[in-house]
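Open the model in your viewer and keep the selection panel at hand. The stops below are meant to be taken in order.

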Amino acid sequence: MTEESTRCGFVAIVGRPNVGKSTLMNHILGQKISITSRKPQTTRHQILGIKTQGQDQMIYVDTPGLHDDASGKALNRFMNKAAAEALRFVDLIIFMVDRTRWMPEDELVLNKLMHVKAPVVLVVNKVDQLKDKSELLPHIDMIKAKREFVAILPLSAKQGHNVEALEELVRQYLPQGPHHFPEDQITDRSSRFVVAEIVREKLMRNLGDEVPYGVTVEIEEFAHDGTLLTISALILVEREGQKRIVIGDKGAVLKAIGRDARLDIERMFECKVMLNLWVKVRRGWSDDERALRSLGYGQE
């Protein structure tokens, strides 16, 4: 293939926390790259998902949800910066909203888009969950009045409804040029990073609301002998009380997290996995820029 015949472009998926950005990218790629949960701010890093079809390579940028940084914590600053940085160099932006729920944080994201040069597609997600479909058109008209969009698409990222139509639209905005990644590569992130994210997803899904934001995961061992993948992961929390919650009564919660994560990792790597988890208190990690950089934050 020559450069004249190939096309390649970057597509940012932006929106407030928990509108379905990671679910959309995972559906497009056909496998889990970005972790998901019902809790906001599940995605903390900028993650590339790469889909190559023939002459076209689409590089989707899944971003942390842009949010009002009331806490002022370093972790929140890193997440907002990662999301904002994604807008600077992309060829197309997918602005994602949740049904007819318009929140102050949707307005915040829209304001961030006012000065970008790339065309913007409005995607209204979770329309399959709308009880009254007649509410949709007036809601879209309200958003349209705020800025111009090159297209507006209602869809369901989880069910896959209308996702193919979105992909066809994306292809129209790919510039000519060489592919940036081999055709079989689906993310820019390392296997260690993906494993750490899977463990963190299971933490968020197994724990109550008060703990996940004070938790992160660090991979200390990642060894493959051909038949067995051995992984040692350190779960970092900020307080002793959080450590007790993560471990649970007689270790029950930690066992459930380990079991759920191991099954996902085995599916992903198609081999047997031995997963060892430890929990350690590292006070103030989420507001310590040096600690965050050592954990891979702010490296987008």
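The tour goes from strands to helices and ends with salt bridges.

**Before selecting anything**

This is a predicted model, in which local features need pLDDT of at least 70 and side-chain atom pairs count only at pLDDT 80 or more, while totals for chains, interfaces and linings use all residues. Residues are numbered from 1 along each chain as its sequence is written, and side-chain values use heavy atoms, with hydrogens and water left out.

Element names follow DSSP runs numbered from the N terminus: helices are H or I with at least four residues, strands are E with at least two.

**Stop 1: strand E3 and its partners**

Select residues 56–62, which make up strand E3. Seven of its seven residues are buried, so E3 is largely enclosed by the rest of the structure. Here buried means under 20% relative accessible area, exposed means over 50%, and partly exposed is in between, with a 1.4 Å probe and protein chains only. Colour the two faces separately: Asp56, Met58, Tyr60 and Asp62 lie on one side, and Gln57, Ile59 and Val61 on the other.

Now add residues 7–14, strand E1, which runs parallel to E3 and is joined to it by seven bridges. Two strands count as paired if DSSP finds at least two bridges between them. Within this pair, phenylalanine 10 stands opposite isoleucine 59.

Next add residues 47–53, strand E2, which pairs with E3 in the antiparallel sense, also over seven bridges. Lysine 51 has methionine 58 of E3 as its bridge partner. E2 and E3 form a hairpin with two residues between them. Select glycine 54 in that turn and check its backbone: phi is positive, about 60°.

**Stop 2: the sheet E7-E8-E9**

Select residues 216–224 (E7) and 272–281 (E9), together with 228–237 (E8). These three strands form an open sheet in the order E7-E8-E9, with mixed pairing. E7 and E9 stand at the edges with a single partner strand each, so one side of each is left without a neighbour in the sheet. Neighbouring strands are turned by 15° against each other on average, direction ignored. Angles run from 0 to 180 degrees between N-to-C directions, and axes are lines fitted to C-alpha atoms, for helices over the stretch in contact.

E8 and E9 pair in the parallel sense over ten bridges; to locate one, pick leucine 228 and its partner in E9, lysine 272.

Add helix H6, residues 191–206, which packs on the sheet and touches E7, E8 and E9. Its direction makes about 130° with that of E7. Helix H8, residues 252–269, likewise touches E7, E8 and E9, and its direction makes about 140° with that of E9. Contact means heavy atoms within 4.5 Å.

**Stop 3: helices H1 and H5**

Hide the sheet and show residues 21–29 (H1) and 163–172 (H5). Their axes are 11 Å apart and meet at an angle of about 80°. H1 and H5 are therefore roughly perpendicular to each other, a label that covers 65 to 115 degrees; under 35 counts as roughly parallel, over 145 as roughly antiparallel and the rest as oblique.

Which residues make the contact between H1 and H5? They are Leu24, His27 and Ile28 of H1 and Val163, Leu166 and Glu167 of H5.

**Stop 4: from H5 back to E3**

Keep H5 displayed and select arginine 171, which forms a salt bridge with aspartate 56, the closest N and O atoms being 3.3 Å apart. The pair links helix H5 to strand E3, 115 residues apart. A salt bridge is a side-chain nitrogen of Lys or Arg within 4 Å of a carboxyl oxygen of Asp or Glu. Both ends are buried: arginine 171 has a relative accessible area of 18%, and aspartate 56 has 7%.

**Stop 5: a salt-bridge network**

Select Glu201, Lys202, Arg205, Asp264 and Arg267, which are linked in a network of salt bridges. Glutamate 201 and lysine 202 meet at 2.9 Å, N to O, and both are buried. Arginine 267 and aspartate 264 meet at 2.5 Å, N to O.

Is each residue of this second pair buried or exposed? Arginine 267 is exposed at 58% relative accessibility, whereas aspartate 264 is buried at 13%. The two are three residues apart in helix H8, so about one helical turn separates them. A search of the whole structure finds 17 salt bridges.
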